[in-house]
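Here's a quick tour of what holds this fold together, from charged pairs to packed rings. Have the structure open as you read.

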Amino acid sequence: MAEPGKTPFQVDLRRYLREQDEDRNLTRLICEIAEASKYIVNSIRTGDLGVAGTSNLYGEQQLALDVLSDRILRKRLAHSGVVANIASEESPEILPISPDCEGKFSVAYDPLDGSSLVDVNLAVGTIVSIYEGCDLLQPGRNQVAALYILYGPRTTMVLSTGNGVHEFAMNQLMEYTLTRENITVESSGSIYSPGGQRNKYTSGVEKFVGQLEENGSKLRYSGGFVPDINQILMKGKGIFFYPHLQGAPDGKLRVLFELNPMAYLIEQAGGAASTGRERILDLTPEGIEARAPVFIGSKELVAKAEEYVAAHG
């Protein structure tokens, strides 16, 4: 029998981080994000689904839930006492919180990725990237932690602090408890999630998709980055891609807010993440608006995508 109070389902997030001897300030920061997500969950269930009448730095119309989720996270981070700088996908510039970088962290986040799916009741999520000190515009390999929170039939947090990937689920008391440790992604897989308009795929990407289909891979695409990456991690196999397109060589997804944290998690689980030409985590974003194509998931599938891109563009 398991020791009382020690089964995985009885280990909450804060306790787990303490038992792993994580940095005290990093533990506090992650727990603040977990607290913020409770309010975001309630906003999704009960909030305004209309537009906010504003646009983000990419010229995209903001939904009311985007703005509210951003405010919730920003407030918790700003008052945590352990944050130096904040960058939000909904804001045009990095927001300084503290001039003192020592012992503090800088955080980049997408407060509600896929928010346009809320009104049709599909899963959405929050994505977070964490760096030591004040600098956010550095290669993603320097992250000290990354996580996403998936708001679906269950609310789950998938987290890595550099020691594997672990899943926590929100219980009836709105507390996160450990459900899965050391999640891994197999080297190959039979699931693929293709983003972007297929009639705009380059020859290399089109040939890669053709091979996937010939091999019997199953198309599983929700339209949301968080649920599609979660599927790969929880199934332990597959590939997601939003490639370079004809007329859009940098793809759509943002390096700082989406690609770096997801690449960090996938690599920690034994997978790979590439632009089709280089490792995502080796990119140095020139600004918070930087984008890049992405092929992310099982190592063999990502390597095969790189082969087709190298040979055919």
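K38 and E35 make a salt bridge, with 2.8 Å between their closest N and O atoms. The model is a predicted one, and a search through the whole of it turns up 13 salt bridges. The same kind of search for aromatic pairs gives eight.

**Salt bridges**

- Where do K38 and E35 sit relative to each other? Both are in helix α2 (residues 24–46), three residues apart, which puts about one helical turn between them.
- K38 counts as buried because its relative accessibility is 18%, and the cut-off for buried is under 20%. Its partner E35, at 28%, counts as partly exposed.
- R198 pairs up with E213, and here the closest N and O atoms are 2.8 Å apart. R198 is in the loop between β11 (191–194) and α4 (203–214), while E213 is in helix α4 itself, so this bridge ties together parts that are 15 residues apart in sequence.
- Neither end of that bridge is buried: R198 comes out as partly exposed at 36% relative accessibility, and E213 as partly exposed at 37%.
- R279 and D282 form another salt bridge, with the closest N and O atoms 3.1 Å apart. R279 is partly exposed at 32% relative accessibility, and D282 is partly exposed too, with a relative accessible area of 35%.
- That pair isn't on its own: R141, E267, R279 and D282 are joined into one network by salt bridges that share partners.

**Nonpolar cores**

- In soluble globular proteins, nonpolar side chains tend to be buried together.
- How many residues are in the largest nonpolar core? There are 48, and Y148, I229, L233, F240, F241 and M262 are the ones with the most contacts inside it.
- Quite a few elements give two or more residues to this core, including β7 (145–151), α4, α5 (225–235), β13 (239–242), β15 (294–297) and α7 (299–312). Helix α6 provides the largest share, seven residues.
- Zoom in on F240 and, leaving out residues up to four places away in sequence, you'll find it touching S193, Y221, F225, D228, I229, I232, L253, V294, F295 and I296.
- There's also a second, separate core, this one with 41 residues, I72, L77, V118 and Y151 among them.

**Aromatic pairs**

- Of the eight aromatic pairs found, take F208 with F241: the ring centres are 5.7 Å apart and the planes meet at 65 degrees, so it's edge-to-face. The cut-off for that label is over 60 degrees.
- F208 belongs to helix α4 and F241 to strand β13, so the pair ties together parts that are 33 residues apart in sequence. Both F208 and F241 are buried.
- F208 also forms an edge-to-face pair with F295, at 6.3 Å centre to centre and 80 degrees between the planes. This one links distant parts of the chain, since F208 is in helix α4 and F295 in strand β15, 87 residues apart.
- Are F208 and F295 buried or exposed? F208 is buried, with a relative accessible area of 1%, and F295 is buried with a relative accessible area of 1% as well.
- To see the wider setting, pick out Y192, Y201, F208, F241, F295 and Y308, which form one aromatic cluster.

Methods:
Residues are numbered from 1 along each chain as its sequence is written. This is a predicted model: local features need pLDDT of at least 70, side-chain atom pairs count only at pLDDT 80 or more; totals for chains, interfaces and linings use all residues. Side-chain values use heavy atoms; hydrogens and water are left out. A salt bridge is a side-chain nitrogen of Lys or Arg within 4 Å of a carboxyl oxygen of Asp or Glu. Helices (H or I, at least four residues) and strands (E, at least two) are DSSP runs, numbered from the N terminus. Buried means under 20% relative accessible area, exposed over 50%, partly exposed in between (1.4 Å probe, protein chains only). A nonpolar core is a set of buried Ala, Val, Leu, Ile, Met, Phe, Trp, Tyr and Cys residues joined through side-chain atoms within 4.5 Å. Contact means heavy atoms within 4.5 Å. Rings of Phe, Tyr and Trp (its six-membered ring) pair if their centres lie within 6.5 Å; planes under 30 degrees apart count as stacked, over 60 as edge-to-face and the rest as tilted.
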